[in-house]
Amino acid sequence: MDGGLLTVLFQPPDDHSSYLEIADLDSTASSGSQAIGDEAKFEKVAFNKEDAIILAGSQSERLFGSDSVRACVHRVRRPDWPDSSNRLSMAIFLRLQKRT
């Protein structure tokens, strides 16, 4: 899970392959990214043309309460093909800053 408020993911419109996997939080009673990652079942997420995927981070969970928003535990698998340098995606991480 990411520590910020939101993570926004984009991929080029001509690339429909996805290596993003989201944890099924109903498959584990654990909390915390590492414990969930060790126990949960993960589901592959497909990107469609011109999609943006928005993931809630741990700041969202703290701000709105875990009864309303759960931080998204996810992982990105390495592509299976020999030259994995062709994979392209873009992430924007939004994070709240404390004011003093």
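**Briefing: L25, S60 and a nonpolar patch**

L25 sits in the loop that connects β2 (20-24) to α1 (33-39). The model described here is predicted. Two further sites are covered below: S60, which is part of helix α2 (residues 58-64), and L63, which is also in helix α2.

**L25 in the loop**
- L25 has a relative accessibility of 19%, and it counts as buried because the cut-off is under 20%.
- Leaving aside residues up to four places away in sequence, L25 is in contact with I36, R70, A71 and V73.
- The C-alpha atoms of L25 and E39 are 9.6 Å apart in space, while the two residues are 14 apart in sequence.

**S60 in helix α2**
- S60 is buried, as its relative accessible area is 3%.
- With residues up to four places away in sequence left out, S60 touches G4, L5 and L6, and also G65 and V69.

**L63 and the nonpolar patch**
- L63, in helix α2, has a relative accessibility of 52% and therefore counts as exposed, the cut-off for this being over 50%.
- L63 contributes to a nonpolar surface patch together with F64 and L96.
- The area of this patch is about 310 Å².

**Helix α2 in brief**
- Helix α2 spans residues 58-64 and contains S60, which is buried.
- Helix α2 also contains L63, which is exposed.

Notes. Residues numbered from 1 in each chain as written. Predicted model: local features only at pLDDT ≥ 70, side-chain atom pairs only at ≥ 80, totals over all residues. Heavy atoms only, no water. Helix = DSSP H or I, 4+ residues; strand = E, 2+ residues; numbered from the N terminus. Buried < 20%, exposed > 50% of the residue type's maximum accessible area, 1.4 Å probe, protein only. Contact = heavy atoms within 4.5 Å. Patch = residues over 30% accessible without salt bridge, like charges linked within 9 Å, V, L, I, M, F, W, Y side chains within 5 Å. Areas by Shrake-Rupley, 256 points an atom, 1.4 Å probe, with all protein chains shown as cover. Salt bridge = Lys/Arg side-chain N within 4 Å of Asp/Glu carboxyl O.
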